[in-house]
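Reader: I'd like a close look at one part of this model, the place where the ligand sits. Could you walk me through it and then through the other hollows?

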Amino acid sequence: MSRLVLVLNGPNLNLLGRRQPAIYGRETLADIEAACRREAEDLGLGIRFHQSNREYEIIDWIHEGREVAGGIVINPAAFTHTSVAILDALNAFEGPVIEVHISNVHKREAFRHHSYVSLRADGVIAGLGTQGYGLALRRMAALLDEGAGGAS
Ligand code: CA2
């Protein structure tokens with residue numbers, strides 16, 4: 001089973017650390033990527049870390065993941081609340097999926113309380129700040145150790 005994990009990030013997350021620090025903190029996406037790479041190395045995982053503001057690019061990475069990845073960690077950002085297309089792509093992926101949100105979406109506007117991606121996710125982390133990514137990778141390593149599906 002592949003120990004390669006895709007870490008996918010949706011729209012506007014490229015702005016992290018530059019605006020709205022009260023909600024999303026001061027770390028940039030590059031800081032998160034570096035922390036994910038350190039965590040992945042400790043866990044014996046490989047990662048591919050991507051961000052896009054375009055829905056189709058996220059869908060294409062999920063499709064590629066069907067061939068190469070054991071699991072997907074995804075912060076779909078605003079697409080969480082709107083995208084049946086990303087849900088459909090994740091439904092065609094066989095390995096574990098963990099959904100991450102930096103903020104506690106349940107403490108925010110009502111439109112953020114519904115997630116299409118949660119209909120597919122094996123686990124959801126919200127409100128633990130950027131630490132949520134590293135925790136998701138830890139859980140992903142445990143799921144892959146247990147043999148929870150994915151590309152071989
Ligand atoms: O809490 C999260 O991680 C979210 O996925 C972030 C999304 C939001 O639409 C979700 O409801 C919850 C927004 C990401 C936008 O990030 C920005 C960062 C800095 C400045 C502006 C936007």
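Reader: To begin with, how far is an oxygen atom of the ligand from an N or O atom in the side chain of Arg112?

Author: Bear in mind that this is a predicted model. The distance you ask about is 2.9 Å, from a ligand oxygen atom to an N or O atom in the Arg112 side chain. Taken over its whole surface, the ligand has 510 Å² of accessible area on its own, and the protein covers 94% of that.

Arg112 has company. Asn75 brings a polar side-chain atom to 2.8 Å from an oxygen atom of the ligand. With Ile102 the backbone does the work: one of its N or O atoms lies 2.7 Å from a ligand oxygen atom. So far, then, we have side-chain atoms from Asn75 and Arg112, and a backbone atom from Ile102.

Now for the wider shell. There are 17 residues around the ligand, and the ones that come nearest are Asn75, His81, Ile102, Ser103 and Arg112. That puts the three contact residues from above in the nearest group, along with His81 and Ser103. By class, the shell splits into 9 nonpolar, 6 polar and 2 charged residues.

Where does all this happen? The ligand sits in the largest pocket, which holds about 380 Å³ of space. That pocket is lined by 19 residues, and Pro11, Asn12, Leu13, Tyr24 and Ala77 are the closest to its centre. Sorted by class, the lining has 9 nonpolar, 7 polar and 3 charged residues.

Asn12 deserves a second glance while we're here. Besides being among the lining residues closest to the pocket centre, Asn12 has a positive phi of about 75 degrees, although it is not a glycine. You'll find Asn12 in the loop between strand S1 (4-9) and helix H1 (21-24). Gln20 lies in the loop between S1 and H1 too, and Gln20 also has a positive phi, near 50 degrees, without being a glycine.

On to the second largest pocket, with a volume of about 190 Å³. Its lining includes Glu27, Ile32, Ala35, Cys36 and Glu39, and further along the chain Thr130, Gln131, Tyr133, Gly134, Leu135 and Arg138. Two helices, H2 (29-43) and H5 (131-146), each supply at least two of those residues. H5 gives the most, with 5 residues. The class split for this lining is 5 nonpolar, 3 polar and 3 charged.

Last, the enclosed space. The structure holds 1 cavity of 30 Å³ or more, and about 30 Å³ of space lies in the largest cavity. Around that cavity you'll see Leu6, Arg48, His50, Trp61, Glu64, Gly65 and Val68. Strand S2 (46-51) and helix H3 (55-68) each supply at least two residues of the cavity lining, and H3 gives the most, with 4 residues. By class, the cavity lining comes to 3 nonpolar, 2 polar and 2 charged residues.

To come back to your starting point: the ligand sits in the largest pocket, with a ligand oxygen atom 2.9 Å from the Arg112 side chain's N or O atom. If you have the model open, start from Arg112, Asn75 and Ile102, which are among the residues that come nearest to the ligand, then look across to Asn12 and Tyr24, which are among the lining residues closest to the centre of the largest pocket.

How values were computed:
Residues numbered from 1 in each chain as written. Predicted model: local features only at pLDDT ≥ 70, side-chain atom pairs only at ≥ 80, totals over all residues. Heavy atoms only, no water. Near = heavy atom within 4 Å. Polar contact = N/O pair within 3.5 Å; in protein donor to acceptor, adjacent residues only side chain to side chain. Areas by Shrake-Rupley, 256 points an atom, 1.4 Å probe, with all protein chains shown as cover. 1 Å grid on protein atoms, 1.4 Å probe; cavity = no way out; pocket = protein on both sides within 12 Å on 5 of 7 lines; lining within 4 Å. Sits in = over half its atoms within 2 Å of the grid points. Nonpolar A, V, L, I, M, F, W, Y, C, P; charged D, E, K, R; others polar. Points joined across faces, edges and corners; volume = space filled by probe spheres on them.
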